[in-house]
Amino acid sequence: MKALNLYGKQDVRFEEMPMIELEHDDDVIIRVKTAGICGSDISRFGKIGSYNPGLTWGHEFAGVVTQTGKRVTGIRPGDRVVACPCFPCFSCEYCGRALYSKCTDLRVLGGQRKGAFAEFVSVPAENVVRIPDELGFDEASFVEPSAVVVHGLDQVILKPGFSVAVVGCGTIGQLAVQWSRLYGAGKVYACDTDLHKLNVARCAGADVVFDVTAADFNQRFTTETSGRGVDLIIESSGNAAGIVKAMNLACKGGTVLLLGIPYGEVVFDRTSFEKIIRNELTVRGSWNSLSAPFPGREWGTSLDYMAKGLLKTSLLITHRITLEDAPDIFPELYARNFPFIKVLIEI
């Protein structure tokens, strides 16, 4: 089978691999139809490299079951599915309390187990979730990032009428704009440096968009929010400057939800840090997409809302490529040589 394997920083190869086999009686093999390139994949390509050199990577995908282990029930060949890319140990203190995202030995697809940038992938049956007939594979490949956003919003209070500012309008940020509206936000603001992403955010439901590099950004934001700030900031850029700036956008007593993963040092200036203290902000981190019953309501909820047409994932697809194209595309993505939001690999 064909696969993309990551060997080191900026070293990804399109290779022919032996066909995967069922390793356990409770595993299933899935023929991958569509796989999404996550922002974390781009950072891993450019800055970190593989945990296991030569491992197939990728974790956002949708496909069709082709084979099931002897102990698998309820899933059959031919089923259209997505799969949670996380593998808790189910035996540590946190797993015992169904806090799977906090598992002390959490493993991930494409990190410690062969991933989905391949023609076929194998996962435990308990990770597999069927997709509705009316949902296409392209849309279904967004379930994992959508579940990440839902998991994050479940960690904070978002009441109907609350104001929300999303900082960073990549895939997670765009989905955060839409989910904030679905959760009942009264006004949603979107902040980024990329005008293309801001235009998409407006189409996705943002009331007002801000180019944070504009000279009048602070003045405009202050005017739009009547000098108050907003109830909830969703930081989804993972950019150090964005994380620091988020503290300055919240109202007194507001909440900052950190979804973006920084791949560099985050240093706070005194004024921004004191905003947390003097404004008595709640700063909440959120990691992954898991809850009980595993893999969590985040997955079923995302699929349900997608099937009903309430999430506009098609707006976010900017490019489609093949596995063979990927080694040439990743350096371009890492260098940000062209505007993009979600790049899908069609397999």
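Which residue stands opposite Val-166 in S14? In this predicted model, the residue that faces Val-166 across the strand pair is Ile-234. The pair in question consists of strand S11 (residues 163–167) and strand S14 (residues 230–235), which are joined in the parallel sense over four bridges.

These two strands belong to an open sheet of six strands, in which the pairing is parallel and the order is S13-S12-S11-S14-S15-S16. The edges of this sheet are formed by strand S13 (208–211) and strand S16 (282–285); each has a single partner strand, so one side of each is left without a neighbour in the sheet. From one strand to the next, the twist averages 20°. Helix H5 (residues 171–182) lies across S11, S14 and strand S12 (187–192), and the helix runs at about 170° to S12.

A second open sheet is built from three strands in the order S2-S1-S4, with antiparallel pairing. Here strand S2 (11–16) and strand S4 (55–56) occupy the edges, and because each has a single partner strand, one side of each is left without a neighbour in the sheet. Strand S1 (residues 2–8) is joined to S4 by two bridges, and the two strands run antiparallel. Within this pair, Asn-5 stands opposite Thr-56 in S4. Helix H11 (residues 326–334) packs on the sheet and touches both S1 and S2; the direction of the helix makes about 165° with that of S2.

The chain that follows H11 was examined at Asn-337, which is placed in the loop between H11 and strand S18 (342–346). With a relative accessibility of 48%, Asn-337 counts as partly exposed, since the term exposed applies over 50%. The side chain of Asn-337 makes a polar contact of 2.9 Å with the side chain of Glu-332. Asn-337 and Glu-16 are 321 residues apart in sequence, and their C-alpha atoms are 29 Å apart in space.

Aromatic side chains were considered next. A search of the whole structure finds 16 aromatic pairs. One of these is formed by Phe-217 and Phe-221, whose rings are tilted, with 6.0 Å from centre to centre and 40° between the planes. Both residues lie in helix H7 (residues 217–224), where they are four residues apart, about one turn of the helix. Phe-217 counts as buried, at 3% relative accessibility, and Phe-221 likewise counts as buried, at 4%. Another aromatic pair, that of Phe-268 and Phe-273, is edge-to-face, with centres 6.1 Å apart and planes at 75°. In this pair Phe-268 counts as partly exposed, at 30% relative accessibility, and Phe-273 is also partly exposed, with a relative accessible area of 41%.

A single aromatic cluster is formed by Phe-45, Trp-57, Phe-117, Phe-330 and Tyr-334. Charged side chains also lie over aromatic rings at two further sites described here. Arg-13 lies over the face of Tyr-7, at 3.7 Å from the ring centre. At the other site, the charged end of Arg-113 sits over the ring of Phe-87, 5.2 Å from its centre.

Methods: Residues are numbered from 1 along each chain as its sequence is written. This is a predicted model: local features need pLDDT of at least 70, side-chain atom pairs count only at pLDDT 80 or more; totals for chains, interfaces and linings use all residues. Side-chain values use heavy atoms; hydrogens and water are left out. Two strands pair if DSSP finds at least two bridges between them. Contact means heavy atoms within 4.5 Å. Axes are lines fitted to C-alpha atoms, for helices over the stretch in contact, and angles run from 0 to 180 degrees between N-to-C directions. Buried means under 20% relative accessible area, exposed over 50%, partly exposed in between (1.4 Å probe, protein chains only). A polar contact is a pair of N or O atoms within 3.5 Å; within protein, one must be able to donate a hydrogen and the other to accept it, and residues adjacent in sequence count only if both atoms are side-chain atoms. Rings of Phe, Tyr and Trp (its six-membered ring) pair if their centres lie within 6.5 Å; planes under 30 degrees apart count as stacked, over 60 as edge-to-face and the rest as tilted. A charge sits over a ring if NZ of Lys or CZ of Arg is within 6 Å of the ring centre and within 35 degrees of the ring normal.
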